[in-house]
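Q: Hey, can you walk me through this one? I'm new to looking at protein models.

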Amino acid sequence: MSFLLQQRNELWSLPLGTKTSGSRSSKTFKPKKNIPEGSHQYELLKHAEATLGSGNLRMAVMLPEGEDLNEWVAVNTVDFFNQINMLYGTITDFCTEESCPVMSAGPKYEYHWADGTNIKKPIKCSAPKYIDYLMTWVQDQLDDETLFPSKIGVPFPKNFMSVAKTILKRLFRVYAHIYHQHFDPVIQLQEEAHLNTSFKHFIFFVQEFNLIDRRELAPLQELIEKLTSKDR
């Protein structure tokens, strides 16, 4: 088993609430989203994991020959949701109403929450509250069979790619918050290698299919340059 997959499996095997405390932490820490075994998407996920094991992340994100782009984006979006969910779940003790009264990625970038349905006008809220809103919203999208069909033969909706882009854009903000506000605890927990590999994989994927606007990536642009410069 590759170092990356071993690290990810170890992180995913953590019991609910590990390194977290209180009801807020367990609320933010979402259950892992499983892709049904035996489905084509499950086979795609296994292909992705096997390719990741080669250590070549640029190659790992490429669309497998003959596969549907929507399905590939769907499988990887679920995977990134699980990764980010687990990474954030390990540092929730450090991300509190007091330590993070606003959702930010450094002094220049602040995010206000709106989902267009329940909260139509963007609201200013603490980072843990924002991330709870965000992860709950993403989970709802992934569970919606009309958006993320898991059955063979069920077509993806015409707006699928637009929905996926919004999900990935918002998931990026969790990476950005962790890097800017909580990297010291990540180092203390000896998780920086896992965080860096997960984020690098995420960036290669969104770059490969042009899924996030460059200006949205600005809070971590220097890090992105550093992590990806060796793989060009």
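Here is a short chat about the cysteines and an annotated site.

A: Sure. It's a predicted model, where local features need pLDDT of at least 70, side-chain atom pairs count only at pLDDT 80 or more, and totals for chains, interfaces and linings use all residues. Residues are numbered from 1 along each chain as its sequence is written, and side-chain values use heavy atoms, with hydrogens and water left out.

Q: Cool, how many disulfides does the structure hold?
A: It holds 0 disulfides, a disulfide being a pair of cysteine sulfur atoms within 2.5 Å. Cys-100 is in none, and the nearest cysteine sulfur, that of Cys-95, is 3.9 Å away.

Q: Is Cys-100 buried or exposed?
A: Cys-100 is buried, at 4% relative accessibility. Buried means under 20% relative accessible area, exposed over 50%, and partly exposed in between (1.4 Å probe, protein chains only).

Q: Switching topic: which residues does the UniProt "binding site" annotation cover?
A: The unreviewed UniProt entry lists Cys-95, Cys-100, His-177 and His-182. Such annotations may be inferred rather than shown by experiment; feature names are shortened, and positions follow the numbering used here. The four are spread over 88 residues of sequence but cluster in space, with a largest C-alpha distance of 10.0 Å.

Q: And what does His-182 touch?
A: Leaving aside neighbours within four places in sequence, His-182 is in contact (heavy atoms within 4.5 Å) with Ile-91, Phe-94, Cys-95, Ser-99, Cys-100 and His-177.

Q: Buried or exposed, that His-182?
A: His-182 is buried, with a relative accessible area of 3%.
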